Amino acid sequence: MPAIVLTTINARYIHANLGLRWLFANLGELQPQAIIQEYCLTDRPSDIAEAILAESPAIVGIGVYIWNAAEVRRLVGVLKQVAPATIIVLGGPEVSHLPLRVDFSSADYLLQGEGEHSFRKLCRAVLAGHPPATRIVAAALVETDTLKPPYRFYTDQDLAHRLAYVEASRGCPFACEFCLSSIDRQVRPFPADGFLAEMEALWARGARTFKFVDRTFNANPATAARILDFFLAQQPPFHAHFEMIPDHFPDSLKERIARFPVGTLQLEVGIQTLNPHIAANINRRLNMDRIRENLAFLGQRTNAHLHLDLIVGLPGESLAQFGQHLDTLVALCSGEIQIGILKKLSGTAIDRHDQEHGMVYSADPPYELLQNNLISFGEMQEMKRLARFWDLVYNSGNCKRTAPLLWLDGGVFKGFCAFCAWLHARSSATWQLGLPRLAELLFTYLTVTQGRDKTEVADALAADILGIRGRVLPPSVMAYVTRLPDERHDLGDSLTRRQSKHRQGQDQATRFK
């Protein structure tokens with residue numbers, strides 16, 4: 001039986017937890033006594049506890065994140081009720097910064113910070129019968145060249161069916177007040193030669209989906225170029241995801257990004273706001289001219305699938321200003337625009353605006369803004385619904401030709417807000433709208449409420465939805481279709497299906513003009 005169980009609750013099965021593998025890789029002589037167990041939010045805490053305790057471990061280490069904090073609290077409660085002698089160690093972002101927002105008082109130890117070395121030392125002490133007297137264990141930043149890499153602990157099953165999370169560096173050079181990464185301002189790269197050797201080994205084992213967790217992948221253009229070269233030397237299919245800052249794309253990176261084939265590259269670009277004054281107020285650097293230039297380049301001269309982030313509720317920013325940013329980004333690029341609600345994370349400096357701007361946040365994860373002095377609670381609720389509907393209609397890639405009809409007579413934000421209000425009145429569910437029902441609702445809104453031509457709308461929906469093999473339109477819509485897509489495509493690999501739908505939507509829009 002293992003002495004140590006390393007576990008967490010992932011948001012989805014496809015997310016293989018990198019943190020657990022870092023801990024496991026650096027357990028030293030304790031590694032043979034440890035195992036990794038991963039679960040999902042769909043698993044019940046009692047069932048998870050049963051599987052963990054079946055191993056009779058002396059120590060259970062659990063990774064705690066914003067998406068699983070409530071479930072981990074319940075899991076710890078079950079474990080301590082039925083196996084009180086088992087030592088529970090919690091680590092991860094949700095326990096690393098004060099104040100703690102979820103009650104984890106049942107846990108024995110809270111490991112705050114990077115845990116590769118400190119977790120090993122804690123386990124040694126506990127197993128030797130000399131547990132620390134202090135419940136909170138503070139861990140210093142780890143020097144990256146002292147760590148053993150974790151990537152060989154992805155199983156063949158992981159590499160075949162899940163994302164391979166990797167990191168070429170830790171830390172972030174910026175100090176955006178809403179972000180936990182701003183706490184660690186020191187960017188610490190992993191030795192490039194060793195990292196690339198690990199990527200080669202993963203590729204040789206069959207890994208084809210790589211998600212880099214670096215907060216600012218392009219902060220060091222020389223290292224970024226070497227990593228991009230690694231992927232450019234490979235034969236598709238593969239999929240690489242990088243998070244990049246929007247105003248730092250030197251020519252050396254642009255040239256490489258432009259060479260990636262369709263469907264191989266996804267870039268997450270943190271915009272958050274396009275207002276320089278709002279950005280400066282939260283200590284975020286913003287070079288608008290360069291951002292516009294870089295987004296235009298990425299959208300027009302590369303095959304990269306873009307994922308841009310905007311935040312609702314930043315201190316001092318009204319809904320009208322947010323709407324202008326959404327309008328601008330839709331005009332600049334055709335990728336996904338992720339609309340997020342501002343969160344108040346422990347350890348960040350965003351709380352300094354609470355009094356001046358009347359910021360009121362939920363006490364429960366994910367600690368989203370409820371209202372402020374510019375956005376009422378009711379308006380914030382509307383924005384949360386808008387974010388969900390936007391994901392269904394726009395970001396999904398399912399309605400690339402139909403969606404623009406919603407704002408044909410005005411701004412994107414104004415037009416989509418009107419649709420959201422109508423949609424919520426017709427269907428209060430924001431999470432359970434299937435594609436046929438959504439198509440029917442779009443058709444009704446555009447033809448009845450907006451008075452658009454039924455054939456025009458039906459043909460747009462046919463171009464969007466029937467372009468993918470196996471899909472059907474509701475009879476009420478199909479009756480007005482006069483033009484079908486020239487060909488139908490398969491969705492392809494689930495890891496890139498959104499990219500495929502966005503690309504197919506663009507191609508179909510071109511053919512149907």
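A helix here is a DSSP run of H or I at least four residues long, numbered from the N terminus. The views below show a predicted model, and the first one starts inside such a helix.

**View A. E116 and its surroundings in helix α4.** Find helix α4, which covers residues 116–127, and look for E116 in it. Is E116 buried or exposed? Buried means under 20% relative accessible area, and E116 has 5%, so it counts as buried. Once its neighbours within four places in sequence are set aside, E116 is in contact with W22, L23, N26, V142, L147 and R170. L141 is another residue to look for: 25 residues separate it from E116 in sequence, while their C-alpha atoms are 9.9 Å apart in space.

**View B. An open sheet of six parallel strands, from β2 to β6.** Follow the order β2-β1-β3-β4-β5-β6 across the sheet. Which strands form the edges? They are β2 (34–40) and β6 (136–138), each of which pairs on one side only. From one strand to the next, the twist averages 20°. Strand β1 (residues 4–10) runs parallel to β2, and seven bridges join the two. At one place along this pair, T8 stands opposite E38 of β2. Helix α1 (residues 18–25) packs on the sheet and touches β1 and β2, with its direction at about 175° to that of β2.

**View C. A second open sheet, with the strand order β7-β10-β11-β12-β13-β14.** Six strands make up this sheet, and their pairing is parallel. At the edges are β7 and β14 (336–341), each pairing on one side only. Neighbouring strands are turned against each other by 20° on average, with direction ignored. Now zoom in on the bridges. Strand β7 (residues 164–166) is joined to β10 (residues 209–212) by three bridges, and Y165 has K211 as its partner in β10. K211 also has a partner in β11, namely H241. To get from β10 to β11, the chain passes through helix α7 (residues 221–232), and this β-α-β crossover is right-handed. Further along, β11 and β12 (residues 265–272) run parallel and share five bridges; here the partner of F242 in β12 is L267. When you trace any of these strands, remember a handy rule: in a regular strand the side chains alternate between the two faces of the sheet.

**View D. Helix α11 lying across β12, β13 and β14.** This helix covers residues 319–332 and runs at about 175° to β13. How far apart are the end C-alpha atoms of α11? They are 20 Å apart, which agrees with the 20 Å that its 14 residues should span at 1.5 Å a residue. The buried residues are L319, F322, G323, H325, L326, L329 and V330. They cover an arc of only 155° around the axis, which puts them on the same side of α11. On the other side, A320 and A331 are exposed. A general pattern helps here: an α-helix has 3.6 residues a turn, so residues three or four places apart point the same way. Among the elements that cover the buried residues of α11 are β12, β13, β14 and α13. Helix α13 (residues 377–395) itself lies across β13 and β14, at about 160° to β14.

**View E. Helix α10 and its buried residues.** Among the elements covering the buried residues of α10 are α8 (251–257), β12, α9 (276–281) and α11. The buried residues themselves are M288, I291, N294, L295, F297 and L298. From first C-alpha to last, the 14 residues of α10 reach 19 Å, close to the 20 Å expected at 1.5 Å a residue.

**View F. Two residues with positive phi, Q272 and N283.** Neither is a glycine: phi is near 70° for Q272 and near 65° for N283. Q272 lies in strand β12 and is buried, with a relative accessible area of 9%. N283 sits in the loop between α9 and α10 and is partly exposed, at 45%.

**View G. Two cis peptide bonds, one from L98 to P99 and one from P365 to P366.** At the bond joining L98 and P99, omega is about 0°. Look for P99 in the loop between β4 (87–91) and β5 (109–112). At the bond from P365 to P366, omega is near 10°, and P366 lies in the loop between β15 (360–361) and β16 (369–371).

Key
Residues are numbered from 1 along each chain as its sequence is written. This is a predicted model: local features need pLDDT of at least 70, side-chain atom pairs count only at pLDDT 80 or more; totals for chains, interfaces and linings use all residues. Side-chain values use heavy atoms; hydrogens and water are left out. Two strands pair if DSSP finds at least two bridges between them. A crossover is right-handed if, with the strands pointing away from the viewer, the path from the first strand over the helix to the second runs clockwise. Axes are lines fitted to C-alpha atoms, for helices over the stretch in contact, and angles run from 0 to 180 degrees between N-to-C directions. Contact means heavy atoms within 4.5 Å. The expected span of a helix is 1.5 Å times one less than its number of residues. Buried means under 20% relative accessible area, exposed over 50%, partly exposed in between (1.4 Å probe, protein chains only). The arc is that of the directions from the helix axis to the C-beta atoms.
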